[in-house]
Amino acid sequence: MAGLLLDHIYKVYSSGVQAVTDFTLDIQDKEFIVFVGPSGCGKSTTLRMIAGLEEITDGDLVIDGRKVNLIQPKDRDIAMVFQNYALYPHMTVYDNMAFGLKLRKLPRAEIDARVKEAARILGLESYLQRKPKALSGGQRQRVALGRAIVREPKVFLLDEPLSNLDAKLRAQMRTEITKLHHRLATTFIYVTHDQVEAMTMGTRIVVMKDGFIQQVDAPQKLYDYPANVFVAGFIGTPQMNFFDATLTGTKENVYVEFEGQKILVNKATVDRIINLEDYLNTGKPIVFGVRPEDFHDEEDFIAKNDKSVIKVKVDVLEKLGAESLLYCVFDTSEDVEEDGTMKSLVDNATQLIAKIDARSKTQAHTVIDLSIDMNHVHMFDKETELSILEGEGTKAYVPVVELERQAQREAERLAQEEAKAQKLAAKEAAKAARLAAKQAKLQPQEEPTEEEKTEE
Ligand code: ADP
């Protein structure tokens, strides 16, 4: 059992690739932490640094109060489970699990007890004498987990352990690993690119992109209060709809305008907008985000929320059984051009996806009203892509280097503005001087005074 502290961790590979930048995270004992993000964002590198398989370029890694940067992997009290579980094919399940302990020269009785206990936890008791080739994919993955369990580590590291399994097995193993975490009551750190795995398993999720942490939060908080456009788009399927928008109206009645639509923002959301005056009627662009499930086509919802209704045309309707997806466009004109030809489908690129009740009567190729649940909309600054809505204490996670970069960008912008202003002022001064010279030429020369004459 252990807590971990990753304190401003950096990884630069010898090739020059900066894989991880300023990774800071305090992991409590018994947490189930998930690192999630697209391929190449630095998840595995971070995990491998914790395991000791990869050198830490800068920063401190502390396990249970002890700095372990230079401690050998085998002495870190951690166990790692990989995507390729690589069992020894000639050994039985029992021997596969016992092998590491034998190498460590543990007493035979101790090994036996640990292997049997792991087999019991994983439901492998009746397979102990089988060879890996006589096991299903899920069973093999369980043996790989068993090999980690018998070591009784303080921390479990799992690197995409389920990605080789088919969808059904993956869903099953997901719950098994969650149960295993409860049973073992140890710290788990799990890497995946699959946001569904992250949402269903993690007590906290670390969303990464390009080596930077984007946000660290509990699954529901990530969904409800994404700190930036990237997190908003990454968590949730189908992904959140994003619209370029502006805010208009008065402080009492704030409207969001996008795609020729104008809808009223409810008071609760207006109250959460940080620095409203920066955006209200200034034309400063925002990104307006609406999750597909927050569009409604039910009559009573529309009647109750008539200030946030938009008109769209349903291009394609996908029935998924439990729900339906509407692929919509904002252009509600007829499909037929003025000259009688059909509009090309290319013009009809989907602009909005709505997830509605499967029992809805809505049909494809019709113009419909959709009302937006304004309590759950999202707003981001278009330039910084950070959320401009306060979210119950959730703050955008901006790494120190990113803050420094922002400050640098701001300083550069100010310097540029200053230089521009100086150039303009110099230009104005030169113009004024030219004008003055011209006027001086035009003016009749005054006769020198008597005094000037004597001076000469
Ligand atoms: P993820 O696990 O999120 O897919 P990785 O941690 O594997 O990402 O990789 C992060 C970045 O580091 C990528 O750009 C990848 O190409 C690079 N990288 C990974 N391993 C090495 C290595 N051994 N040498 C050089 N670059 C590497």
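Welcome! Alanine 113 is a good place to start: this residue is partly exposed, with a relative accessible area of 46%. Please keep in mind that the model is predicted. From alanine 113, the briefing moves to the helix around it, then to the ligand, and ends at a strand.

**Alanine 113 and its helix**

- Alanine 113 belongs to helix α3, which covers residues 108-122.
- Its relative accessible area of 46% falls between the 20% under which a residue counts as buried and the 50% over which it counts as exposed, so "partly exposed" is the right label for alanine 113.
- The C-alpha atom of alanine 113 is separated by 9.2 Å from that of valine 150, although the two residues are 37 residues apart along the chain.
- How far apart are the end C-alpha atoms of helix α3? They are 21 Å apart, and this agrees with the 21 Å that its 15 residues should span at 1.5 Å a residue. The span is 21 Å because the expected value is 1.5 Å times one less than the number of residues.

**The buried side of α3**

- Which residues of α3 are buried? They are Ile111, Arg114, Val115, Ala118, Ala119, Ile121 and Leu122.
- These buried residues cover an arc of only 160° around the axis, which puts them on the same side of α3.
- An α-helix has 3.6 residues a turn, so residues three or four places apart point the same way.

**Around the ligand**

- The ligand is surrounded by Tyr13, Ser15, Val17, Ala19, Pro38, Ser39, Gly40, Cys41, Gly42, Lys43, Ser44 and Thr45.
- Sorted by class, this shell has five nonpolar, six polar and one charged residues.
- Helix α1 (residues 43-51) gives the most to the shell, with three residues.
- Two backbone approaches stand beside a side-chain one. A backbone N or O atom of glycine 40 lies 2.6 Å from an oxygen atom of the ligand, and a backbone N or O atom of cysteine 41 lies 3.0 Å from a ligand oxygen atom. For threonine 45, a polar side-chain atom is 2.5 Å from an oxygen atom of the ligand.
- Taken alone, the ligand exposes 560 Å², and the protein buries 60% of that.

**Glutamine 214 in strand β10**

- Strand β10 (residues 212-217) contains glutamine 214.
- Is glutamine 214 buried or exposed? With a relative accessible area of 13%, glutamine 214 is buried, because buried means under 20%.
- The side chain of glutamine 214 is joined to the side chain of asparagine 228 by a polar contact of 2.9 Å.

Key. Residues numbered from 1 in each chain as written. Predicted model: local features only at pLDDT ≥ 70, side-chain atom pairs only at ≥ 80, totals over all residues. Heavy atoms only, no water. Near = heavy atom within 4 Å. Polar contact = N/O pair within 3.5 Å; in protein donor to acceptor, adjacent residues only side chain to side chain. Areas by Shrake-Rupley, 256 points an atom, 1.4 Å probe, with all protein chains shown as cover. Helix = DSSP H or I, 4+ residues; strand = E, 2+ residues; numbered from the N terminus. Nonpolar A, V, L, I, M, F, W, Y, C, P; charged D, E, K, R; others polar. Buried < 20%, exposed > 50% of the residue type's maximum accessible area, 1.4 Å probe, protein only. Arc of directions from axis to C-beta.
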